[in-house]
Amino acid sequence: MTSEKHLEREKRQAGPEIQRAGTGRPGIGLALGGGFARGFAHLGVLRVLEQHNISVTHIAGSSVGSILGAAYASGAPLDRIIACCRSLRFRDIARWRVSRLGLASNQRLAGLIERVFESRQFEDLRIPVAIVATDLTSGDPVIFTQGNLVDAIRASCAFPGLFEPVEIGTRCLADGGLVAPVPTQAARSIGAPIVIGVSVGMQDGYRGAPTNVFQVVSRAVSAAQKHQIELWERHADLVLRPDVQSLAWDDFGRADEAIEAGALAARRALPRIEKLLGLAAPDGAANTAKLEAEDKAYLWLAETLR
């Protein structure tokens, strides 16, 4: 019995196959952007990478990307994370509490992390992670790589106008997507040699004039982010853009659609990913050329400006 428990403990420590060391295969760093419910597309990307035994060696996340990226890096099985997201609703992460600084608190994220994550500290993660938040005093990015995960994730997810800012030390922090819509530079900063950015956009998913204060704020943020694209793309080797434009920020009940959109974008990108890793098949050039003609609306290679 003792031996069985020991083996089970070793299996848990090893984590999913994608995270195991010593495979001899090169790995990639992921930069997972914000987008509320649209961010479930990140799970589809992770699923395809796992299916093709492509190792993830570093993860950086902004907003929802910080939640999903850190959950995966903690060693939580991907199926568990997906099952949680399928049942997740806004009330599970937020509590309405109108104040001078926001309409709601995201303190309930702590409970979500407790239920899903295998680790609560950066130092215990099985994959190095960087979480980005925005310092509302200086306007600069704050990159968390150590300490308590709950505080860093809450800060990274504190969308202005909706959630109250999160105070950590002397800093007043808000959503990381304000300064790093897709945190490619943060992924580089923690040592990722190859960076794949996953952008799901901040548009609210509704057409016509905004009808509430959240739509006004989210569209203003989206407009500002459009002018940051070149800044974060220059730190990416590849950018994936899952087709989630029909999903609204609060379409939590459409998780499967977002996940499949992420998986589709990742599958289409596989020849490029394998090329970046030096794993391209002999006919990879022909496959890549074909894909480039088919899916320019989904992804493109970021121009290397470094």
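Phe 90 is buried, because its relative accessibility is just 14%, and the cut-off for buried is under 20%. This comes from a predicted model, so treat each value here as computed from that prediction. Below, we follow Phe 90 to its ring partner and then turn to the cysteines.

**Aromatic rings**

- Searching the whole structure turns up six aromatic pairs.
- One of them joins Phe 90 and Trp 96, whose ring centres are 5.3 Å apart.
- How are the planes of Phe 90 and Trp 96 arranged: stacked, edge-to-face or tilted? They meet at 45 degrees, so the pair is tilted.
- While Phe 90 is buried at 14%, its partner Trp 96 is exposed, with a relative accessible area of 57%.
- Phe 90 and Trp 96 also belong to a cluster linked by ring pairs, together with Phe 36, Phe 159, Phe 163 and Trp 249.

**Cysteines and disulfides**

- How many disulfides does a search of the whole structure find? The count is zero.
- Cys 84 is in no disulfide, and the nearest cysteine sulfur to it belongs to Cys 85, 5.4 Å away.
- Why is there no bond between the sulfur of Cys 85 and that of Cys 84? The two sulfurs are 5.4 Å apart, which is too far for a bond, because a disulfide needs them within 2.5 Å.

**Burial of the two cysteines**

- Are Cys 84 and Cys 85 buried or exposed? Cys 84 counts as buried, with 17% relative accessibility.
- Cys 85 is buried as well, and its relative accessible area is 5%.

How values were computed
Residues numbered from 1 in each chain as written. Predicted model: local features only at pLDDT ≥ 70, side-chain atom pairs only at ≥ 80, totals over all residues. Heavy atoms only, no water. Buried < 20%, exposed > 50% of the residue type's maximum accessible area, 1.4 Å probe, protein only. Phe/Tyr/Trp six-rings, centres within 6.5 Å; stacked < 30°, edge-to-face > 60°.
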